[in-house]
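Let's take a walk through this model together, one chain at a time. Keep the viewer open and follow along.

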Amino acid sequence: MDYLPAPVIKWLEGRIDPTSQRLVEQYSQYFLVLLVAVAFVISFALKSVMIGLEVFLGGFVLLLGATVPPWPCLNRHPIKFLPVRQPTYTLTKESTT
Amino acid sequence: MFQSEIARFRKLGVQGLLFQALNFLSVIASGLMMWKALCLVTNSESPIVVVLSGSMEPAFYRGDILFLWNPANVPYAVGDITVYRVPGSEIPIVHRVIESHITNTTQLLLTKGDNNNETDTMLYNGMEWLERKHIIGKVRGFLPYVGYVTIAMNDFPKLKYALLGAVGFFLLIQKEHEHA
Amino acid sequence: MYSTLNRLNHLSSLATTYILILLGLISISSLITLPTVNIGKVDIKDLIVGRLRRWGAKEEDLATLRFDVRTDLNPLLNSYNTKQLFLYLTATYAEPTGDVHDVVLWDRIVTRADMRDFRAVTKKNQAQPARGKRGRGNVRLEEVKNKYPWKQPSGSFKGVATANFTLHYDLMPYVGLLSSGVAATARGPINIPEVIKR
């Protein structure tokens, strides 16, 4: 991966923060269960297998659009790292030689 | 170009590589076990097949997946869609039974593809009738299109290598993230 | 779920699982709601057994016939998960030796796409009627000839007294389990006549 230009890597990686990762995981599960139920009911009511599959695929594309790109709202809970502390000691070995 | 990747393999060491190999083998072994269990349950030597020809259109197209069942001690009936393989030819054929003659000793069968004009006598390699021992199973379940991947890989060998390359590439990327 | 590729990969495998669940639901519900067919009527006409004599070939009996069918396949064709129906007329008969024969004499594919009333009339002096209304599956066959030659493996119909004639259907789903059944039957066994001497 080191041979690709840095912006491309950043775009490809599209990192989101851990809280959002958990939420995306959870809600995509709920969404897909609901989607299967809706697609099945619609296709059964209209007596068409094709329509059921189209509803499912449409919903799936929406889901991908909502979760795959690193939207700004998926980085609302960045990890707060502790501030870098100044070293309070000196490396005596180097200084003595 | 691939220096970082090669370096990472070095870091894994012999033990790490062996562990990876073991993981890989256990995946293959569990797949094989499931296949063999399915063979036992369905009493068929090949319970899942991919349709390779258009001779059963519009029922089955190339790339559709068929689930077979070979119930022991139940004779095949006219109208069943069977998968058979005649001695001397490698490829199994999916065609419908159109004649059945049960005698004291055996059952003689004649098959035909729904989309063909001729019966299958020409395909039997000199035999006049099909017998039970030639039949792998009858079609019970159907899943469209999914098998097309295997057909595409057979028809376009380059695609197979591209797919293998992509899988390898993603494995490398995956590992890098774990280390990062 | 931390990177783009990871999310794409994870969601795709999730979706694969859920689409299989959807297909399973479709397949099971269509089997449960599969309609029953009112069994229609088959009439067998002009059943003749002749003797084929060809140079260099064994003499063998050949039976020919014409038949009428009246049945309504609307419920099946309008069913949720029906891709096509395969209709086939069979003759089932036994010999005194105990051999049981089952032979397809005629078949026809009816797909959901071209489903309509369909008629087939092969009587010479009768014009082919216009195609029926779209979206309906009433089957009216009149004076249709058998499509496949009806012969015996032994070459002779000797000892075969009667045969049962049945029109079966084989339902091909979009996805799931195949099912089959009877669409129409002849009223009782039909006598097989003696070979015509020439």
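**From a helical span to a shared core**

Start with residues 15-37 of chain C: 78% of this span is helix and 0% is strand, and its end C-alpha atoms sit 37 Å apart. Keep in mind as you look that this is a predicted model. The UniProt annotation, from an unreviewed entry, labels residues 15-37 of chain C as "transmembrane region".

Now zoom out to the rest of chain C. The domain assignment splits it into domain 1, residues 1-32, and domain 2, residues 36-191. How many residues of each domain are in contact with the other? Five from domain 1 of chain C meet eight from domain 2 of chain C. On the domain 1 side of that contact you'll find three nonpolar residues, two polar ones and no charged ones.

Next, bring chain A into view. Its contact with chain C takes 25 residues from chain A and 22 residues from chain C. On the chain A side, the elements giving two or more residues are α1 (6-13), α2 (18-45) and α3 (49-67). Which of them supplies the largest share? That would be α2(A), with 10 residues. Sorted by class, the chain A side has 15 nonpolar, six polar and four charged residues.

With the chains in place, look at what is packed inside. The largest nonpolar core has 74 residues. Those with the most contacts inside this core are A:Val36, B:Val94, C:Leu22, C:Leu85, C:Leu87 and C:Tyr169. The element that gives the most to this core is strand β3 of chain C, residues 82-94, with seven residues.

C:Tyr169 is a good place to pause. Setting aside neighbours within four places in sequence, C:Tyr169 is in contact with C:Leu73, C:Leu76, C:Leu85, C:Phe86, C:Leu87, C:Ser180, C:Gly181 and C:Ala183. Two of the names on that list, C:Leu85 and C:Leu87, also appear among the core residues with the most contacts.

Finally, hop over to chain B and find B:Ser46, in the loop between α1 (3-42) and β1 (48-50). Is B:Ser46 buried or exposed? Neither, quite: B:Ser46 counts as partly exposed because it has 16 C-beta neighbours inside 10 Å, while being buried would take 20 or more. Not counting residues up to four places away in sequence, B:Ser46 touches B:Leu68 and B:Ile136. For a sense of scale, try B:Ile98: it is 52 residues from B:Ser46 in sequence, and their C-alpha atoms are 23 Å apart in space.

Notes
Residues numbered from 1 in each chain as written. Chains lettered and ligands numbered in written order. Predicted model: local features only at pLDDT ≥ 70, side-chain atom pairs only at ≥ 80, totals over all residues. Domains from an automatic or database assignment. Contact = placed C-beta atoms within 7 Å. Nonpolar A, V, L, I, M, F, W, Y, C, P; charged D, E, K, R; others polar. Helix = DSSP H or I, 4+ residues; strand = E, 2+ residues; numbered from the N terminus. Buried ≥ 20, exposed ≤ 12 C-beta atoms within 10 Å, placed from the backbone. UniProt positions renumbered as here; feature names shortened; annotations may be inferred. Core = buried A, V, L, I, M, F, W, Y, C linked by C-beta atoms within 7 Å.
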